Amino acid sequence: PADDWAWREMALELSARGRHKEAADAATEALRLTPQFATSHYILASVLHAADHNPDAHAACRRALEIDVSCGAMDLLLATAPDAPQRSADILFLRSEITRQSVGGEAVAQFHDVALPHLSTEEMTAILSEGLKARPDIWETWSTLALHRINHQHPEALHLTRQLTSRFPFAPGSWRIHAQSCAAAGLHEEQLNALQRAVAINPKWSLPARELADLHERQGRFPDALTELNRLVLANPLDPANHGVLADFLLRNGHTDDALTAIERAVTLEPTYPWGWSELARQARISGNHDRALQAARNLTTSRPDEPRSWINLAEMLGRLQLWNLASTEVDKALDRWPRNVRLHELRAQILAASGQRNAAIAACSPPIFGNQIPRELRGRLASLLLDAADYSTAESVLTNLIACLLYTSDAADDSLRV
C-alpha cells in the first residue's frame, strides 16, 4: 500500500477500463505518497483527462511541469487547454519553465514537437535560436534547431549542421542530422561520409546504418548495401526491423529464399510484426506453397504456447491464405483458453464474414461473455459489418454510441458526428 508506483499503474489500468472514479482515487493516493514527484501529478492529469475533467487535468499538468518540465506532460497540457489563448499562455509557460529549470536538451526537443502545430515556422525558429544562444553547451538545442531548419528547407540548415558536427563530433546523431542536411542540398558524397561517420561511432545504431545501405542501393552499389545490412544484423541481431529491412532488400533484388529466412527470424523475435506476416502470406500466395508461411506461424504456438498472440498469428495466417475452416477452428480453440480476448473475438467475426457467413459474423461481435459491456473494437467491427449489409440505421446507432465513448469533449463529439 505504500508503493507509489503500484498506485500509478493501478490508476492507468483502471482508467483504461473506464473505471474513472477508482482511477482518480488511485492516482490521488500515489500523489499523496509522492507529492514532489512530477510523474504522480502527470498520471493524475492523464486519468482526469480520460474522465473528461479537463480543467483539473490541465492544472495537474502545470504542477507536474513546474516540478520537472521534462516529465512528458507538455502534450497533455496543450491538449487540455480550453481555447487558443490558453494554449498560447501555456506555450509561454513552457518556455519560462525550460529557462528557469535549466534542464537538459530533452525538454527542448519535447517543446518543439508539441508547440510546432500552434506556432508559425518563423516563431518556432526564433524560439529555438534563442534557446541555442542561451544554452550552446547542450546537443539538443543545436540538433532541434537543425532538424527544424532541415524540415522547413531553411538555407542555413547546412551551415548549422556542419557546426553541429564540429561542436559534437563524437555524437553519432550529429552526423546523421548532417547527412539529412546534405541530402536536402544534393551533396551525396558528403552525405555518404556523414553516415559512415555515424555508423563508425555507433555500429549498433540501426537508423544511420539503414540509411547508409539505402544510399548505397540508390547509387547502384548493391554489394555495399547488402554488406551493410548483413553487418547491422550481426551487430544488433535482436532487432526484428533489421531482419525486415534486410529481407525487403533481398526481395527487391530477387533473393526470395534468403529473404524468407530473414522474415522468419523477424517474426520469431517479434510476433506482432505485421509486415513480416503479411509478406510471408504474400510470398506463399505467389508461389502457391503455403507450408513455409504456416510453419512459421505454427512454430510460435510451440515456442510460445501460453501467449494468445501466437494463436492469433496462426489464425490470421490461415485467414490470409483463405483457409477459412482451419482458421475458424484455431480461433475457437484459442477462445476456449482465453474467452475474454477481444482480438480473438474480432478475428472470429472477420473470418466468418470473409467466408460468407455475415449473420454469424454480426452475432460474433456481441459475445455473451461481455454482457452489455461490449469492447470498442467489437462495436467498431459490428458497425463495419452492418454497413456492408446495408443496415445503415443500425450501423449509425452503433457508430454514434461508439463515438460518444471514444471522444472526451462534447464539442469534439459534435464535430465528429457532423463529419
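This passage describes the overall build of a predicted model and then a few of its residues.

The chain is helical throughout its regular structure, with 25 helices and zero strands. The C-alpha trace spans about 65 × 60 × 45 Å along its principal axes. Of the 419 residues in the chain, 44% are buried. Among contacts with a separation of 6 or more, 50% link residues that lie 24 or more positions apart. The exposed area of the chain comes to about 21,300 Å², and carbon and sulfur atoms supply 53% of that area. As for charge, the chain carries 41 positive and 52 negative charges, and the mean positions of the two sets are 3 Å apart.

The interior is a good place to begin a closer look. The largest nonpolar core has 40 residues, and the members that touch the most others are Ile263, Trp277, Leu280 and Met317. Eight helices each supply at least two residues of this core: H14 (222-235), H15 (240-252), H16 (256-269), H17, H18 (291-303), H19 (308-320), H20 (324-337) and H21 (342-354). A second core, separate from this one, contains 36 residues, including Leu94, Ala146, Ala157 and Phe168.

Ile263 gives a view of the surroundings of one core member. Beyond its neighbours within four places in sequence, Ile263 is in contact with Ala247, Leu251, Trp275, Gly276, Glu279 and Leu280. Leu280 is itself listed with Ile263 among the core residues that touch the most other members. Leu251 is also touched by Gln283, whose further partners are Thr256 and Leu260 once residues up to four places away in sequence are set aside. Gln283 belongs to helix H17, which covers residues 274-287. With a relative accessible area of 11%, Gln283 falls under the 20% limit and is therefore buried.

A buried acidic residue is found in helix H20, where Glu330 is placed. The relative accessible area of Glu330 is 9%, so this residue counts as buried. Which residues does Glu330 touch, apart from those up to four places away in sequence? They are Arg298, Trp311, Leu314, Ala315 and Leu318.

Another buried position, Ile150, lies in helix H9, which runs over residues 139-151. Ile150 counts as buried because its relative accessibility is 12%, under the limit of 20%. With neighbours within four places in sequence left aside, Ile150 contacts Ala157, Thr161, Ile177, Gln180 and Ser181. One of these partners, Ala157, is among the residues of the second core. Ile150 and Leu234 are 84 residues apart in sequence, and their C-alpha atoms are 32 Å apart in space.

Aromatic pairing can be described briefly, since the count comes to one pair. It is formed by Tyr273 and Trp275, with 6.2 Å from centre to centre and 50° between the planes, and is classed as tilted. How is each ring-bearing residue of this pair placed, buried or partly exposed? Tyr273 counts as buried because its relative accessibility is 17%, whereas Trp275, at 27%, counts as partly exposed. Trp275 also appears in the list of contacts of Ile263.

The loops complete the picture. Arg135 sits in the loop between helix H8 (121-134) and H9. At 28% relative accessibility, Arg135 lies between the limits of 20% and 50% and so counts as partly exposed. The C-alpha atoms of Arg135 and Thr99 are separated by 9.4 Å, although their positions lie 36 residues apart along the chain as a sequence separation.

Two glutamines have positive phi values. Phi of Gln153 is near 55°, a positive value in a residue that is not glycine. Gln153 is placed in the loop between H9 and helix H10 (157-167). Its relative accessibility of 72% is over the 50% limit, and Gln153 therefore counts as exposed. Gln322, likewise not a glycine, has a positive phi of about 60°. The loop that holds Gln322 joins H19 and H20, and both of these helices supply at least two residues to the largest nonpolar core. Gln322 counts as exposed because its relative accessibility is 56%.

Technical notes:
Residues are numbered from 1 along each chain as its sequence is written. This is a predicted model: local features need pLDDT of at least 70, side-chain atom pairs count only at pLDDT 80 or more; totals for chains, interfaces and linings use all residues. Side-chain values use heavy atoms; hydrogens and water are left out. Helices (H or I, at least four residues) and strands (E, at least two) are DSSP runs, numbered from the N terminus. Buried means under 20% relative accessible area, exposed over 50%, partly exposed in between (1.4 Å probe, protein chains only). Contact means heavy atoms within 4.5 Å. A nonpolar core is a set of buried Ala, Val, Leu, Ile, Met, Phe, Trp, Tyr and Cys residues joined through side-chain atoms within 4.5 Å. Accessible areas come from the Shrake-Rupley method with a 1.4 Å probe; for residues, only the protein chains shown count as cover. Lys and Arg count as positive and Asp and Glu as negative; His and the chain ends are not counted. The place of a charge is taken as NZ of Lys, CZ of Arg, CG of Asp or CD of Glu. Rings of Phe, Tyr and Trp (its six-membered ring) pair if their centres lie within 6.5 Å; planes under 30 degrees apart count as stacked, over 60 as edge-to-face and the rest as tilted.
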